[in-house]
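Here are my notes for you, written as numbered points. Keep the model open on your screen and look up each spot as we get to it.

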Amino acid sequence: MMQSSQTRRISGHLDRVGAVARKDLRQWARDRQALAGPMLIPLVLMLLCGILFGFGGDEWHIGLVNEGEGPHAAAFEAEVRGLRSNISPYFRVVTTDAERAEQLVAAGRLHLVVTIPADFDERVEAGQTPVLHTRTYNINTDMMKNARLRLSRAIQDYAAAQAPGAAPVTVIQTTTRSDDVWRRTFIGHSAVILAVMVGSALNAAIMVAREWEHRTVKEVRLAPRPLGDVTAGTLVAAVIAGGISTLVTLAVAAAVFGVRIPMGRLPALAALAALTSMACAGFGVAIGAWLRDYRTVQPLLMITFAGSFFASGGFSSLATLPRAVQTFDRFWPPAYVFEAMQAQAWMTAPPSAMPALTGCAVAAAVGVGLGAWALRRRL
């Protein structure tokens, strides 16, 4: 008898949780703004950043003017043209005409113009150091740094080919992945991670704030449902809605940006995504209950998560961010989510996922607890 009574209580709780979740999901599906909003941020960032910065490989547009006529000048020109990563060439030669190259670099259409002088072969044959002439469009220091480093690499490779065994240093490189990851693929995967977070948080906040916006909060207060069931139903609905947003983003990332995750990595990534989604849904419930205004909740969370995409290693890995941003990321939870999920997706031998899973589980417990507390205070 006691077991039957307990079973009925559990069944009653599940029925109430399901009723709240179905109500929220129906309202979510009918509200076009709420339906599209959480999807737009990851999709827009993925498309803009991926297309602007990720397509076309990693080539820098240059002019290459060869005024020499001997074999040494031709060999150096071939070295510059053939220099490449395992993704794409380092340079794309746009023009070999000196006058046209001068016009383009002055207008900011080329990063660099390299001129091989007419006396290049003569100086090499005489044992002298040949002199290259370069002209740069040095507005963006990061671009110019890369252009200069790549030209230095071409010079080093040319010198090593001319005098085998004379190089003072030999480099042995070990990478975290067998092949370089395309920039567009990295950005596409990061947008999927962002969709996990913003989808759950924003949908949860909207679902809660909607009760005040639609003036239905009184019915919620009077309904014969324990507050825990209301909170749980909202969390379930937010996680499901966030999951749909994530799947849409993942489909675009796979179809357009070439995101491919090894099957063996999916369990760890799915577990991290589920716990992160629950944590964000809990915080979303708290924000929605505290602010109670759809027009305040939506831009606040959109701006916060869009900023997190750039500041937490979504656009470029944490190692490339400025020191001040890296210091900030030590205290910003989304940064750990991006770092853990990127490591699981891209590294040849990723670290154990257990520390990240433990942290996400703690964050989920804190988020759910905070959401329940805020909803109790406001209701």
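**Notes on the model**

1. Let's start with R292, which sits in the loop between α10 and α11. Before you read too much into any single spot, remember that this is a predicted model.

2. What is odd about the backbone of R292? It has a positive phi of about 60 degrees even though it isn't a glycine. For background, most residues other than glycine have a negative phi. You'll find R292 just after α10.

3. Is R292 buried, exposed or partly exposed? With a relative accessible area of 32%, R292 is partly exposed, because that category runs from the 20% limit for buried up to the 50% limit for exposed. Skipping residues up to four places away in sequence, R292 touches A209, W212, E213, I287 and R378. Click on those five and you'll see the surroundings of R292. For a longer reach, try D179: it is 113 residues from R292 along the chain, and their C-alpha atoms are separated by 48 Å.

4. Now the helix leading up to that loop. Helix α10 covers residues 266–291, so 26 residues, because both ends of the run belong to the helix. From first C-alpha to last, α10 reaches 36 Å, close to the 38 Å expected at 1.5 Å a residue.

5. You can do the check again on helix α9, residues 227–256. Its 30 residues should span 44 Å at 1.5 Å each, and the end C-alpha atoms are 43 Å apart, which agrees. Just after α9 comes G258, with a positive phi of about 70 degrees.

6. Next, S312, in the loop between α11 (294–311) and α12 (323–329). Its relative accessibility is 0%, so S312 counts as buried. What does S312 contact, once neighbours within four places in sequence are left aside? The list is L318, D329, W332, P334, A335 and F338.

7. For a residue inside a helix, go to N146 in α6 (residues 141–162). N146 is partly exposed, at 21% relative accessible area. Y90 is 56 residues from N146 along the chain, yet the two C-alpha atoms are separated by 9.5 Å.

8. Time to zoom out. The chain has 14 helices and four strands. Why call it more spread out than a compact globule? The radius of gyration is 28 Å, well over the 21 Å that the globule rule gives for 379 residues, so the chain is more spread out than such a globule. Along its principal axes, the C-alpha trace spans about 100 × 40 × 35 Å.

9. How much of the chain is buried? Buried residues make up 42% of the 379. The accessible surface comes to about 20,300 Å², and 60% of that belongs to carbon and sulfur atoms. Among contacts with a separation of 6 or more, 82% are between residues 24 or more positions apart.

10. Last, the charges. The chain has 36 positive and 27 negative charges, and the mean positions of the two groups are 20 Å apart. Try colouring the model by charge and looking for this yourself.

How values were computed. Residues are numbered from 1 along each chain as its sequence is written. This is a predicted model: local features need pLDDT of at least 70, side-chain atom pairs count only at pLDDT 80 or more; totals for chains, interfaces and linings use all residues. Side-chain values use heavy atoms; hydrogens and water are left out. Helices (H or I, at least four residues) and strands (E, at least two) are DSSP runs, numbered from the N terminus. The radius of gyration is taken over C-alpha atoms; the globule rule is 2.2 Å times the number of residues to the power 0.38. Buried means under 20% relative accessible area, exposed over 50%, partly exposed in between (1.4 Å probe, protein chains only). Contact means heavy atoms within 4.5 Å. Accessible areas come from the Shrake-Rupley method with a 1.4 Å probe; for residues, only the protein chains shown count as cover. Lys and Arg count as positive and Asp and Glu as negative; His and the chain ends are not counted. The place of a charge is taken as NZ of Lys, CZ of Arg, CG of Asp or CD of Glu. The expected span of a helix is 1.5 Å times one less than its number of residues.
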